[in-house]
Amino acid sequence: MLPANFSFTQSSLQAYKDCPRRFWLAYIEQLPWPAIEASPVHEHEALMRRGEQFHRLVERTEIGIDPAQVMAQAEGQDDSGLAANYQAYLQHRPRDLPQDVQEIEQLLSTTVRVQWKSAGIAQTMAVRLAAKYDLIAAEQDGPVVILDWKTGKRAPTRAVLQEHWQSLVYPYVLVEAGDALPWGPVRPEQVEMRYWFTAAPNSPIVFRYDGAQHARVHDRLQAQIAAILAGQNVEDFPKVEDTLANRKRYCNFCVYRSRCNRGAQAGDVMELTDPSDFFSGDVAGSLEFTMDEVEELAF
């Protein structure tokens, strides 16, 4: 039922974990739904723009453009918050990153072989799993650091990030794709995932990776993707339980909330820990990568 060129990502896996019905509507039905994602609308839109602009400024800096020139670009955006975020990045960017290799906006992918049963018949499929990295810093046969920039109004807790699919998928794909990298292969024990927050620039959250975690992530990927592939109709993708906590955490930031009778009021943008935390039903964006993009760097 999924499109033939579908690639699983941390976003699609997170959508299913948060609410299987959300996954069904966005990725199987590919249903656009014109709802407001977060409110106030102008603040939400400004936060999204600031996040996109911040990533572009950091990317330019990391490829070697003079920070003074980049700062002038930030100040020219008529957004004091953007300039302040960029200044915080210049002051608090980790100083201990490996220097041999630094890859910006890198797209990597791998395959996961999944087994499941449909109508009592065993099925097997190799599916694509893709990840796009803000920054990978590596030393050959040494540490490999994944650095991800977060631009929300507040930083999430370590406990929340630890269970987020991004914290699992990014190290996993990097290790699996590492054999084909010019500076690879990459062992799990080499990998470290760091989140850096504009809201807390001197308090990054760091996760170390190892072989035991890699095996557990592999098992979790197989189990969740198998559950998705085994689904045959909308009933196999139930809505998240209707509780006040779930409405506040999931439904309020989902464009399908009115379709699911989960309220019409959008969530408060101040509750977002990252602009990408809300779930948009925009189909063009929901697939994230085309197969042409993935195949360019498919390992």
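Start by selecting Glu 192 and Arg 194: the two form a salt bridge, and their closest N and O atoms are 2.3 Å apart. Keep in mind as you click around that this is a predicted model.

Now color that pair by accessibility. Is Glu 192 buried or exposed? Glu 192 has a relative accessibility of 10%, so it counts as buried. Arg 194 also comes out at 10%, which puts it in the buried class.

**Asp 242 and Arg 262**

Next, select Asp 242 and Arg 262. Their side chains meet in a salt bridge, 3.7 Å from N to O. Asp 242 sits in the loop between α8 (211–230) and α9 (244–249), while Arg 262 is in the loop between α9 and β8 (267–268), so this pair ties together parts 20 residues apart in sequence. The two partners are worth coloring as well: Asp 242 is partly exposed, with a relative accessible area of 42%, whereas Arg 262 is buried at 8%.

Then go back to where you began and add Asp 96 and Arg 208 to the selection. Together with Glu 192 and Arg 194, they make up one network, joined by salt bridges that share partners.

**Glu 62 and Arg 93**

Here's another pair to pull up: Glu 62 and Arg 93, whose side chains meet in a salt bridge at 2.6 Å, N to O. What does this pair tie together? Glu 62 belongs to helix α3 (residues 41–62) and Arg 93 to the loop between α5 (80–92) and β3 (101–118), so the bridge links parts that are 31 residues apart in sequence. Both Glu 62 and Arg 93 are buried. If you want to hunt down the rest, the count of salt bridges comes to nine.

**Into the cores**

Time to leave the charges behind. Show Phe 8, Phe 23, Leu 129, Tyr 133, Val 169, Leu 174 and Trp 183 as sticks: these have the most contacts inside the largest nonpolar core, which has 57 residues. Which helix gives the most to this core? Highlight helix α7 (residues 165–177), which contributes nine residues.

Now center on Trp 183 and show its neighbors. Leaving aside residues up to four places away in sequence, Trp 183 touches Val 101, Glu 103, Ile 136, Ala 138, Gln 140, Val 144 and Leu 174.

For the last stop, select Val 58, Val 70, Tyr 86 and Leu 135. These are among the 19 residues of a second, separate core.

How values were computed:
Residues are numbered from 1 along each chain as its sequence is written. This is a predicted model: local features need pLDDT of at least 70, side-chain atom pairs count only at pLDDT 80 or more; totals for chains, interfaces and linings use all residues. Side-chain values use heavy atoms; hydrogens and water are left out. A nonpolar core is a set of buried Ala, Val, Leu, Ile, Met, Phe, Trp, Tyr and Cys residues joined through side-chain atoms within 4.5 Å. Buried means under 20% relative accessible area, exposed over 50%, partly exposed in between (1.4 Å probe, protein chains only). Helices (H or I, at least four residues) and strands (E, at least two) are DSSP runs, numbered from the N terminus. Contact means heavy atoms within 4.5 Å. A salt bridge is a side-chain nitrogen of Lys or Arg within 4 Å of a carboxyl oxygen of Asp or Glu.
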